[in-house]
Amino acid sequence: MALEHTRERLSRFIWRKEDERGDFKVGGGASSKFDIGGGDRKRADLKDLEWYFWNFGPLTRGLTLKAASIWGRGFAIEHDNKDAVELCKKATLEMPGFKRWFTTETLHALTYGKGTGEIIWDDINKMRANGKPDLDDDGFIIKIEEGKNIIGYNITDPKTFIPKWDEKGYITHWEQRIISSMGSTDSVKHKSRKICFFKYNQIADNVGGLGLIETNLTTIKGLMTAQGASIDLLFRHGIPFVHVKKDGATAKDVPKLSKIGQNFSTKTHLAS
């Protein structure tokens, strides 16, 4: 009786509806499902993070150096199968442009929390008459032949890639949205084998990582404000704005001098 009473009391908090009740277990039933929305970010916008990266010099230099240092520590590919190790080396470390691709996507991961590097396979795509890849009904590129060898890497823009998740929190595929100069949006879906997902300082497995800018955004804003104020202070106290000298000035000259102050421009620091 005590066990049944405990189960009944706990079930009031676990199950939302009577018809969802089944065998007693925490997290069972439809109420345990969760959904990761179509957008991959509900926090800071990637464009804002990009602006801070390019407009705050110490941040630009610091993150660039950190990304380069990760490569500089060196890599070692180890496995019992020597043939597999050699195959992996040829597809990565010995591939032309791999270092630049790796450090750039690492920088993206440190800046935005994610780096979506595109892997180029020796696929044979079906092409349309306009030169664009032909897509199937689900939005994936139609393959005449699925490649087996990696022939290169593409540096991508993280702002254009959106991950799609399953109910367990694993990425099923990627959706790339590109806005043309005419304002139209082209959408293409990529299978997971096409994208290498860099994550650092992540907040959860298989979920978009947390970049270093976002975690220090309050400090960065404060430093940028202090930097701007210091520059303005040095300029105002180190450079004379207006220098007027007239021998034998009289009361008639006061309106002329006051007019100079009224027409002073705070943008150019000049008087007209």
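1. Strand 5 has cover on both of its faces in this predicted model. On one side Phe161, Pro163 and Trp165 are buried, and on the other Ile162 and Lys164 are buried as well. In a regular strand, side chains point alternately to one face of the sheet and the other. The count for strand 5, which spans residues 161–165, is 5 of 5 residues buried. Lys164 is included in that count of covered positions, and the residue standing opposite Lys164 is His173 in strand 6.

2. Strand 5 pairs with strand 6 in the antiparallel sense, over 5 bridges. The two strands make a hairpin, with 5 residues between them. Gly169 lies in that turn and has a positive phi of about 90°.

3. Strand 6 (residues 171–179) also pairs with strand 7 (residues 185–191). That pairing is antiparallel and has 7 bridges. One of the facing pairs is Trp174 with His190 in strand 7. Strand 6 and strand 7 form a hairpin too, again with 5 residues between the strands. Here the turn holds Gly183, whose phi is positive at about 95°.

4. Is Ile171, in strand 6, buried or exposed? Ile171 has a relative accessible area of 22% and is therefore classed as partly exposed, since the buried class stops under 20%. Ile171 and Ser192 are 21 residues apart along the chain, and their C-alpha atoms are separated by 7.4 Å.

5. A separate point concerns the open sheet of 3 strands, ordered 4-1-8, in which the pairing is antiparallel. Strand 4 (150–154) and strand 8 (195–198) are its edges, each pairing on one side only. From one strand to the next the twist averages 30°. Strand 1, residues 115–121, is joined to strand 8 by 4 bridges. Within this part of the sheet, Gly115 faces Phe198 of strand 8.

6. Which helix packs on this sheet? Helix 5, residues 98–112, does so, and touches strand 1, strand 4 and strand 8. The direction of helix 5 makes about 150° with that of strand 1.

7. Helix 5 also meets helix 3 (residues 57–72), with the two axes coming within 9 Å and crossing at roughly 130°. The two helices are therefore oblique to each other, because an angle of this kind falls outside the ranges for parallel, perpendicular and antiparallel. The crossing of helix 3 and helix 5 is right-handed. From helix 3 the contact takes in Leu63, Thr64, Lys66, Ala67, Ile70 and Trp71. These meet Phe98, Lys99, Phe102, Thr103, Thr106, Leu107, Leu110 and Thr111 in helix 5.

8. Helix 2 (residues 46–55) is another partner of helix 5: the axes come within 10 Å and cross at roughly 110°. That angle makes helix 2 roughly perpendicular to helix 5, because the perpendicular class runs from 65 to 115 degrees. Leu46, Leu49, Glu50 and Phe53 are the helix 2 residues in this contact. Their partners in helix 5 are Leu107, Thr111 and Tyr112. Leu107 and Thr111 thus appear in the contact with helix 2 and also in the contact with helix 3.

9. Ala44 sits in the loop between helix 1 (2–14) and helix 2. What is its burial class? Ala44 has 16% relative accessibility and so counts as buried, the cut-off being under 20%. Apart from neighbours within four places in sequence, Ala44 is in contact with Leu49 and Glu214. Ala44 and Glu214 lie 170 residues apart in sequence, yet their C-alpha atoms are 6.9 Å apart in space. Leu49 is also one of the helix 2 residues that meet helix 5.

10. Some totals for the chain follow. The chain contains 8 helices and 8 strands, and of its 272 residues, 29% are buried. Counting contacts between residues at least 6 apart in sequence, 58% join residues at least 24 apart. The exposed area of the chain is about 18800 Å², of which carbon and sulfur atoms supply 55%.

Definitions and conventions:
Residues numbered from 1 in each chain as written. Predicted model: local features only at pLDDT ≥ 70, side-chain atom pairs only at ≥ 80, totals over all residues. Heavy atoms only, no water. Pairing = 2+ DSSP bridges. Axes fitted to C-alpha atoms, helices over the stretch in contact; angles between N-to-C directions. Contact = heavy atoms within 4.5 Å. Buried < 20%, exposed > 50% of the residue type's maximum accessible area, 1.4 Å probe, protein only. Areas by Shrake-Rupley, 256 points an atom, 1.4 Å probe, with all protein chains shown as cover. Parallel < 35°, antiparallel > 145°, perpendicular 65-115°, else oblique. Left-handed = near helix turned anticlockwise from the far one by under 90°.
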